[in-house]
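Student: I'd like to learn how to read pockets, cores and helices off a model. Can we go through one together?

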Amino acid sequence: MGLQVCSPIFVFLRQIKDVWIVQSNIRLVDKTISIHLLSGNQLKMIATIFMLIDHVTKVFYRRMINPILAMEWMTPEFHQWIRGAYMVLISIGAVAFPIFAFLFSEGYAHTHDKKRFLLRLAIFAVISEVPFDITFNYAGSPVGWSPEIAKYWPMWWGYQNVFFTYLCSMGTLWVLEQTKRIKQKPLEKLLQGIIVLGAYLFNEEILQGDYGGYGLLLIITAYALHKKRLLQIVGMIAVNLIFYKNFSVITDWFRISFAVAMLLILFYNGERGKKNLKLFFYNFYPVHIVVIGLLDWMIFTVFGVFS
């Protein structure tokens with residue numbers, strides 16, 4: 001009698017389980033869990049929107065904050081509100097790069113033509129540099145900067161756009177792949193460690209690409225573990241914790257941003273998407289910087305807002 005009562009219950013519970021697995025699209029293969037919700041295009045579009053929010057906030061906030069704070073009606077409470085709004089917006093923007101780093105590692109792992117990939121990165125690094133320097137490094141004008149910096153207008157090699165970090169990361173990954181030919185494993189691992197350390201120092205201290213050595217290590221870690229999604233996420237979290245080990249208001253906000261990025265990466269379905277939007281995403285970077293820079297120049301220089 002007990003078995004007769006329990007049998008329908010077991011059947012019902014099994015049906016619920018099957019429906020849940022189908023609807024949630026959760027797959028367990030080789031101890032890797034992935035929730036298939038977002039294609040590469042969708043994930044990159046989300047990151048692109050967050051990047052746009054980040055760049056708009058940083059450019060216009062620096063122009064507006066001091067004049068606004070100097071206004072007579074400014075109260076401490078409103079001052080705190082403005083600071084809080086800024087932190088929220090740049091924290092939203094901080095979600096973008098970990099996703100881009102992950103997708104870059106995926107792109108490198110699946111590309112069929114590494115030379116073409118490298119050439120495309122180099123072209124967009126060069127195209128993006130002058131708009132990047134004018135908009136972010138010079139704040140629209142060399143006026144007000146020290147003569148040592150102003151003399152390099154419109155380019156300043158003290159800080160490069162993110163494509164240079166991608167270039168450095170790709171070069172590092174390619175060199176690491178060549179070390180696999182070494183038969184002695186201890187020597188291979190030693191050389192790989194030296195290469196990663198050298199690349200980190202090069203991007204951090206010499207090339208000074210956007211996100212520096214931190215960005216490079218995120219990409220290398222994501223690529224090294226790209227066949228195991230959970231380990232990818234754990235590895236990237238470890239890199240983040242190493243670089244943001246101190247606790248403060250800013251790092252706490254950025255940890256939340258990083259956690260959101262990892263959650264979105266967990267939803268990646270491993271597919272590019274129905275359309276090839278590669279050129280759209282490549283072109284969006286320099287174009288959106290040019291547009292932000294022009295708006296910055298028109299609003300605050302031509303029309304003299306807050307001047």
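Student: Which helix gives the most to the lining of the largest pocket?

Tutor: That's α4, with six residues. Keep in mind that we're looking at a predicted model. Other helices take part too: α2 (40-69), α5 (114-137), α7 (162-178) and α12 (278-302) each supply at least two residues of that lining.

Student: What is the volume of the largest pocket, and which residues lie nearest its centre?

Tutor: The general idea comes first: rolling a probe the size of a water molecule over the atoms shows where empty space is left. Here the largest pocket has a volume of about 940 Å³. Its lining counts 32 residues, and Lys44, Leu103, Gly107, Lys278 and Tyr282 lie nearest the centre. By class, the lining splits into 15 nonpolar, nine polar and eight charged residues.

Student: What does the second largest pocket look like in those terms?

Tutor: The second largest pocket holds about 650 Å³ of space. It is lined by 27 residues, with Lys58, Tyr159, Asp210, Tyr211 and Tyr244 nearest its centre. Its lining divides into 14 nonpolar, nine polar and four charged residues. Several helices supply at least two lining residues each, including α3 (76-93), α8 (185-207) and α9 (212-224).

Student: How many cavities of 30 Å³ or more does a search of the whole structure find?

Tutor: One. A cavity is a space where the probe fits but cannot get out. The volume of this one is about 110 Å³. Among the residues lining the cavity are Met51, Asp54, His55, Phe100, Val162 and Tyr166. Asp210 and Tyr211 also line the cavity, and both are among the residues nearest the centre of the second largest pocket. α2, α4 and α7 each give the cavity lining at least two residues, and by class that lining has eight nonpolar, two polar and two charged residues.

Student: Let's zoom out. How many helices and strands are there in the protein?

Tutor: There are 12 helices and two strands. Going from the N terminus, you meet one helix, then both strands, then the remaining helices. Of the 307 residues, 39% are buried. For contacts between residues at least 6 apart in sequence, 73% join residues at least 24 apart.

Student: Which residues have the most contacts inside the largest nonpolar core?

Tutor: Leu43, Ile99, Leu121, Phe163, Tyr166, Leu218 and Met236, in a core of 58 residues. Take Phe163: leaving aside neighbours within four places in sequence, it is in contact with Leu121, Phe124, Ala125, Ser128, Tyr282 and Tyr285. Apart from the largest core lies another, of five residues, among them Tyr61, Ile68, Met74 and Ile82.

Student: Why can α7 be called largely enclosed by the rest of the structure?

Tutor: Start with the general picture of a helix: it has 3.6 residues a turn, so residues three or four places apart point the same way. Now count the buried residues in α7: 12 of its 17 are buried, so the helix is largely enclosed by the rest of the structure. The buried ones include Val162, Phe163, Tyr166, Met170 and Leu173. They pack against α4, α5, α8, α9 and α12.

Student: How does the span of α7 check out against 1.5 Å a residue?

Tutor: At that rise, its 17 residues should span 24 Å, and the end C-alpha atoms are 25 Å apart, which agrees.

Student: Threonine 48 next: is it buried or exposed?

Tutor: The cut-off for buried is under 20% relative accessible area. Threonine 48 has 5%, so it is buried. It sits in helix α2 and, beyond its neighbours within four places in sequence, is in contact with Phe100, Phe281 and Phe284.

Student: What about threonine 251 and isoleucine 149: buried or exposed?

Tutor: Threonine 251, in helix α11, counts as buried at 10% relative accessibility. Leaving out residues up to four places away, it touches Tyr244 and Asn246. Isoleucine 149 lies in helix α6 (residues 147-150); at 19% relative accessibility, isoleucine 149 counts as buried. Outside its neighbours within four places in sequence, isoleucine 149 is in contact with Tyr138 and Trp156. Isoleucine 149 and tyrosine 138 are 11 residues apart in sequence and 8.8 Å apart in space, C-alpha to C-alpha.

Definitions and conventions:
Residues numbered from 1 in each chain as written. Predicted model: local features only at pLDDT ≥ 70, side-chain atom pairs only at ≥ 80, totals over all residues. Heavy atoms only, no water. Core = buried A, V, L, I, M, F, W, Y, C linked by side-chain atoms within 4.5 Å. Buried < 20%, exposed > 50% of the residue type's maximum accessible area, 1.4 Å probe, protein only. Contact = heavy atoms within 4.5 Å. 1 Å grid on protein atoms, 1.4 Å probe; cavity = no way out; pocket = protein on both sides within 12 Å on 5 of 7 lines; lining within 4 Å. Points joined across faces, edges and corners; volume = space filled by probe spheres on them. Helix = DSSP H or I, 4+ residues; strand = E, 2+ residues; numbered from the N terminus. Nonpolar A, V, L, I, M, F, W, Y, C, P; charged D, E, K, R; others polar. Expected span 1.5 Å × (residues − 1).
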